[in-house]
Amino acid sequence: MACSNLFVHVLAAVVLATGVSATAYAQSAAETLTAREFLTRIDGTLPELERFEAAILTAEAKVEETRILPPLGLSYEREEVFVGSEGVVLKNAVSLNWSLDISARRSKRSKSANQALQAIREGGQYDNQLVLLDALSIYKRAARARLRVASLEATRRPLAELVQRLKNRVSEGDASGYDLARFELQLSEHDDLLDEARAEQAVAQTELSGLLAANGQIVASDNLDLPTLPAGSAGIMERSDLRATQHEEESGKALKAAASSWWVPTLDLSVGYLNTDFGPGNGPGSQTVSGYAGTIGASIPLFSRGKAENKRGEALVRSAQIKRRILERRIRTEVETARTLLASRLEQARKFKERQLAQVAEFARKTEAAYQGGEASALELRDAYAKASGAELRYIELRYQCSLARLALWRATGTVSYTH
């Protein structure tokens with residue numbers, strides 16, 4: 001029978017490994033985005049990213065609080081001495097008061113708050129990367145759904161053509177209705193898979209569009225090309241949340257340094273202007289003199305030895321050190337695990353492409369030739385077709401798993417970097 005176009009189309013789809021291109025598919029879509037364009041679009045716009053800015057603003061407010069100098073005090077004092085019912089001495093004084101911290105506690109507390117701010121910024125940077133990676137996983141899922149639909153649509157066409165040809169041959173008496181029924185069943189099963197894939201695509205596209213708050217549909221145009229395995233693991237201990245622990249430790253040390261100067265007193269300075277009337281009364285015969293007053297006082301910290309502040313600083317230091325040790329061990333494990341997973345996924349995908357896809361192509365060619373020569377049944381031809389269609393879907397899935405493995409490696413190393 002003439003069915004040579006069937007496997008020509010199917011095998012071409014298998015070799016290309018992507019079905020229909022993203023451009024052809026996106027003709028009816030509102031907008032297509034590559035992975036790089038998607039990252040650019042969402043970076044700095046997701047509300048999940050804004051909550052980290054709020055934490056930074058809170059820490060910046062604490063820094064500003066530690067920088068505030070003691071307020072200046074302005075006071076007015078009036079004294080009047082009476083002999084009988086008449087005032088004989090009247091004194092007016094205006095003073096300016098200020099407390100002077102000579103212990104450097106304020107600057108050390110400011111340094112502690114600054115280090116805490118840097119820790120929050122570093123930690124927020126890693127949290128931002130996790131948000132971007134979660135968004136990228138949604139994008140990759142949408143790309144996978146698009147490729148599955150494109151593949152199933154491409155492999156359905158030759159099967160539908162063959163079913164129609166068999167119908168014509170059955171009506172002419174050149175083929176059996178049993179063979180036709182087998183291929184119609186295969187077409188129905190294929191359509192069921194296609195309907196399921198389209199439903200998954202609709203859900204994925206809706207989720208992707210909602211992520212970008214887009215009015216129209218967003219299509220993930222990524223073809224899930226196999227990534228490259230990064231060489232070595234240099235710099236894996238530079239993850240921003242790990243760097244944050246260093247700032248947390250420095251914050252605690254600065255707080256302890258501030259507590260260590262508890263014994264230094266605070267000087268209270270006062271300078272003012274005096275005007276005194278030695279009159280009798282306020283009449284013409286009064287004698288008025290003026291001058292100044294200066295006062296230096298000291299606040300002796302007899303009842304506060306900085307114990308509470310010292311313990312808070314010690315708690316910060318120890319907490320940061322413990323957190324760093326935990327993170328160092330966890331990061332090494334996560335990075336090595338992710339690298340191993342990505343390497344194994346890449347090897348599996350490459351072997352599948354080089355071996356099984358080639359084997360399916362050869363198997364399909366031989367089955368088609370045998371069927372045309374009467375040496376193979378319709379059931380064998382149907383199975384060959386199913387293997388060709390399934391092999392392409394499997395290769396799409398393997399590429400998708402490789403993409404997820406790369407996202408896992410980025411998550412472990414704290415990097416988000418696209419080269420293609």
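A residue is called buried here when its relative accessible area is under 20%. By that yardstick, 40% of the 420 residues in the protein chain are buried. The model is a predicted one, and its secondary structure adds up to nine helices and six strands. The accessible surface runs to about 22500 Å², with carbon and sulfur atoms holding 54% of that area. As for how the chain folds back on itself, take the contacts between residues at least 6 apart in sequence: 82% of these link residues at least 24 apart.

On the inside, the largest nonpolar core has 29 residues, and the members touching the most others are Phe-38, Ile-42, Leu-136 and Leu-208. Quite a few elements chip in: two or more residues each come from α3 (35–42), α4 (47–67), α5 (105–172), α6 (177–211), β4 (218–220) and α9 (378–413). The top contributor is α5, which supplies 11 residues. Ile-42 gives a flavour of how things meet in this region. Setting aside neighbours within four places in sequence, Ile-42 is in contact with Leu-49, Leu-132, Ala-135 and Leu-212. There is also a second core, separate from the one above, with 19 residues; among them are Ala-349, Ala-388, Cys-402 and Ala-412.

Helix α5 also carries a residue worth a look on its own, Gln-129. The relative accessible area of Gln-129 is 14%; the cut-off for buried is under 20%, so Gln-129 counts as buried. Once residues up to four places away in sequence are left out, the partners touched by Gln-129 are Ser-240, Gly-414, Thr-415 and Val-416.

Now for the outside. A nonpolar patch sits on the surface, made up of Leu-72, Leu-74, Tyr-76, Val-94, Leu-96, Val-271 and Tyr-273, and together these residues have about 740 Å² of accessible area. Three strands give two or more residues to the patch, namely β2 (73–83), β3 (86–101) and β5 (266–277). Val-271, one of the patch residues, belongs to strand β5. Val-271 has a relative accessibility of 48%. Because partly exposed covers the range between the buried limit of 20% and the exposed limit of 50%, Val-271 is classed as partly exposed.

Notes:
Residues numbered from 1 in each chain as written. Predicted model: local features only at pLDDT ≥ 70, side-chain atom pairs only at ≥ 80, totals over all residues. Heavy atoms only, no water. Patch = residues over 30% accessible without salt bridge, like charges linked within 9 Å, V, L, I, M, F, W, Y side chains within 5 Å. Areas by Shrake-Rupley, 256 points an atom, 1.4 Å probe, with all protein chains shown as cover. Salt bridge = Lys/Arg side-chain N within 4 Å of Asp/Glu carboxyl O. Helix = DSSP H or I, 4+ residues; strand = E, 2+ residues; numbered from the N terminus. Buried < 20%, exposed > 50% of the residue type's maximum accessible area, 1.4 Å probe, protein only. Core = buried A, V, L, I, M, F, W, Y, C linked by side-chain atoms within 4.5 Å. Contact = heavy atoms within 4.5 Å.
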